[in-house]
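I sat down with this one to see what I could look up about its charges, its inside and its surface. Here are my notes, in the order I took them.

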Amino acid sequence: MFLDPANPVSSTELSWQILQYHPYFGFSAKPESAPASATRVFRGKEGLFYLLIFLLITYGLLRQVFPKYFSDLFRLFFRTTLKQRQISEQLMQTPLPSLLLNGFFVFSTGLYIAFVLQHFKLDPFDNFWLLFLYCSLGLTAIYFIKFIGLKITGWIFNMREIADSYVFIVFIVNKMIGILLLPFLILLAFALGDVYSVAFTLSVCVVAGLVAYRFILSFAAIRNQVRVNPFHFFLYLIAFEIAPLLLIYKGLLVFFPITA
């Protein structure tokens, strides 16, 4: 850049010419537009998103409508009070929230079972929504048959109180499973990589721990009312709790073209 002394320029023009030819500012270079950010569009999980929103709203509404029931439920489950008998009777006297939470357990746990089956590639239908429907219906049928069978057994052997206590503990723990699975359902639905692996492992540990806790509570409740040999109770668990699950798993492998 050269300036002609015969043609004086103003300070503004001089400043602009200096900036225009400055090697670091680059005012004379062609302007470049910033590259547009890549937009990620996820499709195919809209229905799952709305289902999870429905479950969260349902849980929130139930807590708002039946606050005392939830308070008693958590106190009884975590044993933070000595008045266990009184709280149990109060929960038994409120059948509506109990029925609604049982339905919530069916949807929540049915969705979780569908996730687990897809994780292990045991989906016989290749359709998530059909799998979820069958899991929910199967769960309903299992616990309905279990409920009727325990009631009939208690009536036949004149042990209705023991049967009622066992049924009460089973469905109390089921309600807690349905509630505690909510955050894991969200992670299993949308998380990827390590987050998904950690969420899946933790969810299995939580469910297994709650089921084991249910066995402990059941044995303690039954032992308070009748003398039961721990070995006989263990045989009952094998025959009526674990064996049916293994039979269902075997049926999936036999009747559907699935590779575990």
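**Salt bridges**

I started in helix H3, where Lys 68 and Asp 72 sit four residues apart, so about one helical turn separates them. Note to self: this is a predicted model.

I looked at the side chains of Lys 68 and Asp 72 and found that they meet in a salt bridge, 3.0 Å from N to O. Then I checked how open each one is. Lys 68 is exposed because its relative accessible area is 51% and the cut-off for exposed is over 50%. Asp 72 is buried, at just 4% relative accessibility.

Which residue forms a salt bridge with Asp 72 at 2.7 Å? I found Arg 75 there, with 2.7 Å between the closest N and O atoms. Arg 75 and Asp 72 are both in helix H3, three residues apart, which is about one turn of the helix. Arg 75 comes out as partly exposed, at 33% relative accessibility.

Next I went to Lys 151 and Asp 164, whose side chains meet in a salt bridge at 2.5 Å, N to O. This pair links distant parts of the chain: Lys 151 belongs to helix H6 and Asp 164 to helix H7, with their positions 13 residues apart. Both ends are partly exposed: Lys 151 has a relative accessible area of 35%, and Asp 164 has 30%.

Back to helix H3 for a moment: shared partners join Lys 68, Asp 72 and Arg 75 into one salt-bridge network. My count of salt bridges came to three.

**The inside**

I looked up the largest nonpolar core, and it has 61 residues. Leu 101, Leu 111, Phe 115 and Leu 185 have the most contacts inside it. Several helices supply at least two residues each, including H2, H5 and H9. Which helix gives the most to this core? It's H7, with 12 residues.

I picked Phe 115 for a closer look. Skipping neighbours within four places in sequence, Phe 115 touches Leu 48, Phe 128, Leu 185, Leu 188 and Ala 189.

**Two spots in helix H6**

Ser 136 is in helix H6. Is Ser 136 buried or exposed? It's buried, with a relative accessible area of 8%. Leaving out neighbours within four places in sequence, Ser 136 is in contact with Val 106 and Gly 110.

Ile 152 is in helix H6 too, but I found it partly exposed, at 44% relative accessibility. Ile 152 is one of the residues in a nonpolar surface patch, among them Phe 144, Trp 155 and Met 159. Together the patch residues have about 960 Å² of accessible area.

Methods
Residues are numbered from 1 along each chain as its sequence is written. This is a predicted model: local features need pLDDT of at least 70, side-chain atom pairs count only at pLDDT 80 or more; totals for chains, interfaces and linings use all residues. Side-chain values use heavy atoms; hydrogens and water are left out. Patches are made of residues with over 30% relative accessible area and no salt bridge: like charges are joined within 9 Å, nonpolar side chains (Val, Leu, Ile, Met, Phe, Trp, Tyr) within 5 Å. Accessible areas come from the Shrake-Rupley method with a 1.4 Å probe; for residues, only the protein chains shown count as cover. A salt bridge is a side-chain nitrogen of Lys or Arg within 4 Å of a carboxyl oxygen of Asp or Glu. Buried means under 20% relative accessible area, exposed over 50%, partly exposed in between (1.4 Å probe, protein chains only). Contact means heavy atoms within 4.5 Å. A nonpolar core is a set of buried Ala, Val, Leu, Ile, Met, Phe, Trp, Tyr and Cys residues joined through side-chain atoms within 4.5 Å.
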